[in-house]
Structure formats: structure tokens, C-alpha cells
Amino acid sequence: MARAPPSAADHRPGPSETTVGWVKESEGRGTLGLIVTCLFTIFMCTWMVIHPRVCKGSVLRASHKLFLFGKALIAPEFIAVEGLQEWSQARATVKECRESTDGRLKLVHAFYIGMLGLRYRTPRGNRVIWPNQYTWLLQEGLIEWNDHEEWGLSEENIRDKSNADGTAKLLALGQVLWFVAQSIMRTAHHLPLAQLESMTLSYVPLFAITYLFWWIKPKDVLTPSVVELPSMSGEQCATFESMAVSNAFDDEGIGNQASIWSIWSLTPRVFEKKAEDLALQQAKDTSSPKSEAVITPRLKRATVLNQETYPNKETVVAHWDPEVYHSKILWPLNCLFGASFGALHLICWDTQFPTYVELWLWRASGIASIVSMLVFMQYEKVVLRWGGPLTLISLVSPFIYLLSRFVMMGGVIAAFRASDPKIYDTYVVSTYWIHLM
């Protein structure tokens, strides 16, 4: 079907008598080229930004990466938050180890340890060495930084394990820059963007900031560094093991450690363990001597056992790193990035939609995604436990966000059945396929 000529009438949102459906490729651009370019740009952004943790086995590793890919597509803000909190933890590890290592432990080492890249042998298999445990070993003088190469922590070894592809990075960067330039030029020439194009643009700033946080983090590490722990007394062993943030990612064949369901779990953070230990201490301080004898052993076990093996532990939906949540610089910036994804969708506020219902669904969903995300981000910790009306708001807000995301994703596809013909117009010396050559 030939492309209908653009209307001379003023552009108005909502349905119009002058609309086009599927447009074949021509000297301008067609529907297939527009869709392929947008999806290719989204894929390159999403796939390159993902930096998964170290997983056991190819099936678990691939499943975890695909899960992160899906999460990045549906809720890129969550990936950006994950990147920010990992960066914050890595920075804290570097700071805590500065004195013990003479400042030689860098962000790349901290990221590698934080992504479960360092483990120690046990009779049953191996366990994760968490960042707080490695820091404790250094501070107690049980290990020395001079032996870090034997622990697989040399920068050369970490970079050798990392599978970051420089060519793919350059391809992704080039594709994104060209797409953004094309969108700016279309706006400068008073040509509208398709809804799918505005959605594609919405991914760019979030993935850019996420990649900035993960710039030094190793990517796609296949195998961890497995070491022997130094000799320790019984008390030191007990202290070291009690510092474990979780045992869900150990490889000892206990519980659901090798389960495919572990791909859904976020990598626990050290600050969560510190908060748990503080709650334990407060419970001990406020309990009576009689009740302490009964409660304390159960609470102590809760600090070591993970949620899968200890069902009474609360289910945490979200938990902010206090260093980020209480920062006067990072937190406002984080809220700005959280609102940016939905806000950039509203570039199409006046874009023509097949019906007025779809137009207002798009507008309402864009606003709902902004508001619900900002509301959800105001809670430092969200758990599945009733604590009053505010608990309901904290749990409903992410549901509203996800619902708005699905509405917008469906809206960009449905809009192609009756689109503004101007979205297929091109400006001088521009062809839409050149950046895929």
C-alpha cells in the first residue's frame, strides 16, 4: 500500500481521518524499518548494560541473564537502582579496606567480590566470601593484600575472566548516538516521532547512567576464584561464618542453592546484613533475661540462614542502601532518574493515536508510572508485612507502575494500525536505514 501524503491540516492528537497503517519501505522510511531500528536500539542498550553476578553452570547463568534482560525491558529503573547500590557497596568496600591494603584495593576488586566472584572451599562444596567477610579477614590480619594474586584478585586475572566485548560496546554506542541524533533532527524539522521511538529514547538516559555505575564492573564472568581459608580459631570461624549475608548462593547442595528459582533473587547487599544484625542486637537489649534465653538462639540462626531455609524471615520487596537513601546528592539524582523514564514517554503527549481512549490511556499511564515510581522510592524498606495504610501504598505503587508499563508497551504496538503519516516523512539527505549498514 502506498504511503498517504501528509495532511496539510494542523496536527491534532487523537483520531484523524488522515491515518496510515502498515507502510512499505520506500525512499523515505517504512513501518518495518522503524520497528526494526527501535527494537535493535533497545536490544543493544539492554543487552550491553547487563552485568550479571557469577552463577554456577551455563543453564543457571543464561537464565539469570535472560531474567535481567526482561527486567531491564519492563522496568529499567530497577536495573539502574541495582547498579547504583552495587556501586555504593563497592565504594564502601574500597574505603573500609584502604588502611589494610594501603589503598591498593580498587573498585574493580570490590565489584568482583560483590558479584560473588570469590569463594572458599568446604567439605560439601564452596561458599561465597562476601565483601564484609573479606574486609574482616584483612582487618584481622588473617590474610594480607600482598597475597591477593593467589586469591585470583589481580586486575589482570579479573579482566581476563571478564567477557566484555569492546566491538559490541562501540556498535551499541554508535547505534544509540545515531538514533538520538536522528530523533533530534526530526524534532528540529518539525517531524513527529512514533510512539515506539519515544519509548526507545526513554531507555537511553537510564541505561547510560547504569553503564556509568557498572563501567569498571567485570562482565559475564563464567567461573569464580575458589580459595582455601587461612587457619582460624573456633571463635574466629564462628565470627566469620556469622558474617555471611546469605547462603542461598553457596554451592553445597543444601536447600534450594542450585534451584533455577535463584535467578529471580537479587544479590543481597552487605547493608542488609548490618541492618539485620542491628535488629538482633536491639532485640537482645530490650528482651528480659528469661525471654533472651529462648529468643536469642532463634534470632542468631536467622542471621545466618537465608529465606529459603528459614521460612520465618520477613520477605523484603525493596531495601535502599542508607548511604544512598540519606545522601543529599545521590538521592535527589536517583529520584530524577526514576521519573525520567515515564517522563520521556510523554514526548508523545500530542502525538496522533488511533482513538482518544488510547491517547488518554497513554497519557495516564505515563503520569502513573512517574508518580508510582516516586512514591515507591520514598520507602527505605518495603516488606510483605502489614504495618498500617502506608504499607498498602508501598505495595500497591509497584503494581501500578508495572500495569502502566504494560499499557504503554501495548499502546506503541497498537498505534501502528492507524498512525500519523508524518512519522514516515524524512528530512533532506536522511535515510533511516543508513545507521544499520
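A residue is termed partly exposed when its relative accessible area falls between the buried range, under 20%, and the exposed range, over 50%. The legends below use these classes for a predicted model.

**Figure 1. The chain as a whole, with 16 helices and five strands.** In this predicted model, 50% of the 437 residues count as buried. The exposed surface amounts to about 21600 Å², of which carbon and sulfur atoms supply 63%. Among the contacts with a separation of 6 or more, 77% join residues 24 or more positions apart.

**Figure 2. The aromatic pair of Phe43 and Trp47 in helix α1.** The structure holds 16 aromatic pairs. In one of them, the rings of Phe43 and Trp47 are stacked, at 5.9 Å centre to centre and with 10° between the planes. The two residues are four apart in helix α1 (residues 31-49), so about one helical turn separates them. Phe43 has a relative accessible area of 37% and is therefore partly exposed; Trp47, with 27%, is partly exposed as well. Together with Phe69, Phe43 and Trp47 form one aromatic cluster.

**Figure 3. The aromatic pair of Tyr203 and Phe341, edge-to-face.** The ring centres of Tyr203 and Phe341 are 5.0 Å apart, and the planes make an angle of 65°. Tyr203 belongs to helix α9 (residues 195-213) and Phe341 to helix α14 (residues 330-345), so the pair ties together parts that are 138 residues apart in sequence. Tyr203 is buried, at 2% relative accessibility, and Phe341 is buried too, with a relative accessible area of 1%.

**Figure 4. Charged side chains over the faces of Trp214 and Trp360.** Lys217 lies over the face of Trp214, 4.6 Å from the ring centre. Over the face of Trp360 lies Arg363, at 4.4 Å from the ring centre.

**Figure 5. The largest nonpolar core, with 83 residues.** The members that touch the most other members are Leu118, Tyr134, Leu137, Trp151 and Leu153. Helix α9 gives the most to this core, contributing ten residues. Apart from neighbours within four places in sequence, Tyr134 is in contact with Leu105, Ile113, Leu118, Ile129, Ile143, Trp145, Trp151 and Leu153. A second, separate core has eight residues, including Leu116, Trp130, Phe249 and Val270.

**Figure 6. Positive phi at His190 and Asp220.** His190 is not a glycine, yet its phi is positive, near 60°. The residue lies in the loop between α8 (166-188) and α9, and with a relative accessible area of 70% His190 is exposed. Asp220, likewise not a glycine, has a positive phi of about 55°. Its place is the loop between α9 and β3 (225-227). The relative accessible area of Asp220 is 16%, so this residue counts as buried.

**Figure 7. The surroundings of Cys38 and Cys237.** A disulfide is a covalent bond between the sulfur atoms of two cysteines. A search of the whole structure finds zero disulfides. Cys38 has a relative accessible area of 0% and is therefore buried, whereas Cys237 counts as partly exposed, at 28% relative accessibility.

Conventions: Residues numbered from 1 in each chain as written. Predicted model: local features only at pLDDT ≥ 70, side-chain atom pairs only at ≥ 80, totals over all residues. Heavy atoms only, no water. Disulfide = S-S within 2.5 Å. Buried < 20%, exposed > 50% of the residue type's maximum accessible area, 1.4 Å probe, protein only. Contact = heavy atoms within 4.5 Å. Areas by Shrake-Rupley, 256 points an atom, 1.4 Å probe, with all protein chains shown as cover. Phe/Tyr/Trp six-rings, centres within 6.5 Å; stacked < 30°, edge-to-face > 60°. Lys NZ or Arg CZ within 6 Å of the ring centre and 35° of its normal. Core = buried A, V, L, I, M, F, W, Y, C linked by side-chain atoms within 4.5 Å.
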